[in-house]
Amino acid sequence: KAKNESANSYFYFSDDLQVEMNRRLEVGIKLRKALDENDLDVHYQPKYDVNTDTLIGVESLVRLKDGQGGFISPVHFIEYAEETGLIFRLGEQVLEKSCIAAKNWLDKGLPIKVAVNISAKQFTDTKLVDTVAEILERTQLPSRYLELEVTESALIENFDYTVSQLKLISGMGVSIALDDFGTGYSSLSYLRLFPLDVLKIDQSFVRDMLNDEQALNIVTTIIELAHSLKLQIVAEGIETLEQKDRLQELGCQIGQGYLLSKPLDIDKANKLIQSSMVEGILCP
Ligand code: C2E
Ligand code: MG
Ligand code: MG
Ligand code: MG
């Protein structure tokens, strides 16, 4: 009887659902372990001034070790971390590691700004502002070398509170970038209320801009918008020279993407940054 019952209950799970549940369980175990051991990996993707090919900053991108020498992409665990509340510890650890890295570069005479992704959920944390201030203090990184990347959803949910937090963070001298711009629901009137410094054109528009007129129009419009609001503009997901050239023609200043560099582990990032300085192509 008992056997039948369990067989019956299994009947209702599709294979896909079972696979998904196992994956979730595994991600949960690995993520908790990494957090307990402060053992998340952070990779750094360079950002370049497309006019001078100067390395000007990096974006930090979290990675979870898969246990077999490889990494699990954040697309497989950020949502889980948000749902379980683990995102708060994750965010703190990534921020601290990123600030330590940028401080080390600075101490070697390599002024590299580090941009850290902050998820919408982290803005529900009443301690976010204090956490940022504490980590800057602890790592001794001057605030102008830190940028936070937020998405439109973070801004829309909990509007007033998020604005007040961003203003405090911006007031410390940390810059604020709006990530994946164009994919969310920001209205232009909202944009003006946030202390923004940078717009990042979503990579889907960059990917399609050379064979889809709509995408190209959106890219053009975002660049013009950034210029008129006096914001820096970053194009992400640049994979071809044609895309880079076109973006440059349209007035985009900063580029990021596989064409320029993939995200690098800390050792490779250190080497690249060091050699950029030697070659004199790093901004002083
Ligand atoms: P994002 O912030 O928009 O980051 C850009 C993503 O595009 C990264 O994926 C990067 O590896 C990838 N990418 C860069 N250049 C190219 C390119 O030329 N072509 C293509 N196809 N992709 C490119 P990744 O590292 O898998 O991260 C995915 C997303 O996960 C990020 O999107 C961000 O939203 C989130 N994320 C990553 N690290 C963190 C973190 O520390 N905290 C939080 N809250 N979210 C994070
Ligand atoms: Mg980002
Ligand atoms: Mg993005
Ligand atoms: Mg994205």
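What follows is a dialogue on how a few labels in this predicted model are justified.

Trainee: What is the predictor's confidence in the protein and in the complex?

Mentor: The protein averages a pLDDT of 91, on a scale from 0 to 100, and 93% of the residues score at least 70. For the complex the predictor gives an ipTM of 0.98 and a pTM of 0.93.

Trainee: Which stretch has a pLDDT below 50?

Mentor: Residues 1–5 do, and in the model this stretch has 0 contacts beyond near neighbours in sequence. Where pLDDT is low, the predicted coordinates should not be read in detail.

Trainee: Why is Glu 236 called buried?

Mentor: Buried means under 20% relative accessible area. Glu 236 has 7%, so Glu 236 is buried.

Trainee: Is Asp 180 buried, exposed or partly exposed, and what makes it so?

Mentor: The partly exposed class lies between the buried limit of 20% and the exposed limit of 50%. Asp 180 has a relative accessible area of 24%, and is therefore partly exposed.

Trainee: What makes Asp 179, Asp 180 and Glu 236 donor residues of the magnesium ion (ligand 3)?

Mentor: A donor atom is an N, O or S within 2.8 Å of this metal. The OD atoms of Asp 179 and Asp 180 and the OE atoms of Glu 236 coordinate the magnesium ion (ligand 3) at 2.1 to 2.4 Å, so they count as donors. The donor residues follow the spacing D-D-x55-E in sequence. Asp 180 in strand 6 (residues 175–181) and Glu 236 in the loop between strand 8 (232–235) and helix 11 (241–249) are 56 residues apart, and the pair links distant parts of the chain.

Trainee: Which residue bridges the magnesium ion (ligand 3) and the magnesium ion (ligand 2)?

Mentor: Asp 179 bridges the two ions, which lie 4.0 Å apart.

Trainee: What is noted about the phi of Asp 180 and of Asn 38?

Mentor: Asp 180 has a positive phi of about 55° although it is not a glycine. Asn 38, also not a glycine, has a positive phi of about 50°. Asn 38 lies in the loop between helix 2 (15–36) and strand 1 (41–49). With a relative accessible area of 43%, Asn 38 falls between 20% and 50%, so Asn 38 is partly exposed.

Trainee: How many cavities of 30 Å³ or more are there, and what lines the largest cavity?

Mentor: The count is 1. The largest cavity holds about 40 Å³ of space. Its lining consists of Ala 120, Phe 123, Thr 124, Ala 154, Glu 157, Asn 158 and Thr 162. These divide into 3 nonpolar, 3 polar and 1 charged. Glu counts as charged, so Glu 157 is the charged one.

Conventions
Residues numbered from 1 in each chain as written. Chains lettered and ligands numbered in written order. Predicted model: local features only at pLDDT ≥ 70, side-chain atom pairs only at ≥ 80, totals over all residues. Heavy atoms only, no water. Contact = heavy atoms within 4.5 Å. 1 Å grid on protein atoms, 1.4 Å probe; cavity = no way out; pocket = protein on both sides within 12 Å on 5 of 7 lines; lining within 4 Å. Points joined across faces, edges and corners; volume = space filled by probe spheres on them. Donors = N, O, S within 2.8 Å, 3.2 Å for Na, K, Ca; no water. Helix = DSSP H or I, 4+ residues; strand = E, 2+ residues; numbered from the N terminus. Buried < 20%, exposed > 50% of the residue type's maximum accessible area, 1.4 Å probe, protein only.
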